[in-house]
Amino acid sequence: MVVKEVRLLNFRLYEDQSIAFSQKLNLISGLNGAGKTSLVEAIYYACSLDSFRPAKNRLLTLHGKDFSNIWATIDKGEVIHRVRTLLTSQGKQVFLDDKICRRVSDFIRFFL
């Protein structure tokens, strides 16, 4: 599985950011507080539907915003898939290839 691209909207400190990744090796660097860990957290969230930090979903949304989105383009076995996670104060909605995933187990099974 290869993450090809991530787009973040109102996620942590990212208001609207798209990042494309190389097929081979990627290096994430920057000053303290620049958002390196937030980017890794977004990738992790897009694949596992959870944060590796002890945080509630509402804390993942940029301060002052009502929602956040994570989009990821994932190459899995030479098939390209699109994942979208919408986080609101009411919870999260997950879409795989533009279809809503009703159960987390269905989504997680996709990555096994």
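Is cysteine 47 buried or exposed? At 17% relative accessibility, cysteine 47 counts as buried. Keep in mind as you look around that this is a predicted model. Its main features here are an open sheet of six strands, a pair of cysteines that stay unbonded, and a nonpolar patch on the surface.

**The sheet**

- Six strands line up in the order E2-E1-E3-E4-E5-E6, and the pairing is antiparallel.
- At the edges sit E2 and strand E6 (99-101), each of which pairs on one side only.
- On average, neighbouring strands in this sheet are turned by 20° against each other, if you ignore direction.

**Strand pairs, one by one**

- Strand E1 (residues 2-11) pairs with E2 through six bridges, in the antiparallel sense.
- To find that pairing on screen, look for glutamate 5, whose bridge partner in E2 is alanine 20.
- Strand E4 (residues 79-88) and strand E5 (residues 91-96) are also antiparallel, with six bridges between them.
- Leucine 87 is a handy marker there, as its bridge partner in E5 is lysine 92.
- E5 then pairs with E6 over three bridges, again running antiparallel.
- For this pair, try leucine 96, which has lysine 99 in E6 as its bridge partner.

**The hairpins**

- E4 leads into E5 by way of a hairpin, with two residues making the link.
- E5 and E6 form a hairpin too, and two residues lie between them.
- In the turn between E5 and E6, aspartate 97 has a positive phi of about 55°.

**The cysteines**

- The disulfide count is zero.
- Cysteine 47 is in no disulfide, and the nearest cysteine sulfur, in cysteine 101, is 13 Å away.
- Why is there no bond for cysteine 101? Its closest cysteine sulfur, in cysteine 47, is 13 Å off, which is too far for a bond, because a disulfide needs the two sulfur atoms within 2.5 Å.
- Cysteine 101 counts as buried because its relative accessibility is 17%, and the cut-off for buried is under 20%.

**The surface patch**

- Which residues form the nonpolar patch on the surface? They are Ile28, Val40, Tyr44 and Phe52, with about 340 Å² of accessible area together.
- Isoleucine 28 belongs to the loop between strand E2 (14-20) and helix H1 (36-48).
- With 36% relative accessibility, isoleucine 28 counts as partly exposed, since that class runs between the 20% limit for buried and the 50% limit for exposed.

Terms used: Residues are numbered from 1 along each chain as its sequence is written. This is a predicted model: local features need pLDDT of at least 70, side-chain atom pairs count only at pLDDT 80 or more; totals for chains, interfaces and linings use all residues. Side-chain values use heavy atoms; hydrogens and water are left out. Patches are made of residues with over 30% relative accessible area and no salt bridge: like charges are joined within 9 Å, nonpolar side chains (Val, Leu, Ile, Met, Phe, Trp, Tyr) within 5 Å. Accessible areas come from the Shrake-Rupley method with a 1.4 Å probe; for residues, only the protein chains shown count as cover. A salt bridge is a side-chain nitrogen of Lys or Arg within 4 Å of a carboxyl oxygen of Asp or Glu. Helices (H or I, at least four residues) and strands (E, at least two) are DSSP runs, numbered from the N terminus. Buried means under 20% relative accessible area, exposed over 50%, partly exposed in between (1.4 Å probe, protein chains only). Two strands pair if DSSP finds at least two bridges between them. Axes are lines fitted to C-alpha atoms, for helices over the stretch in contact, and angles run from 0 to 180 degrees between N-to-C directions.
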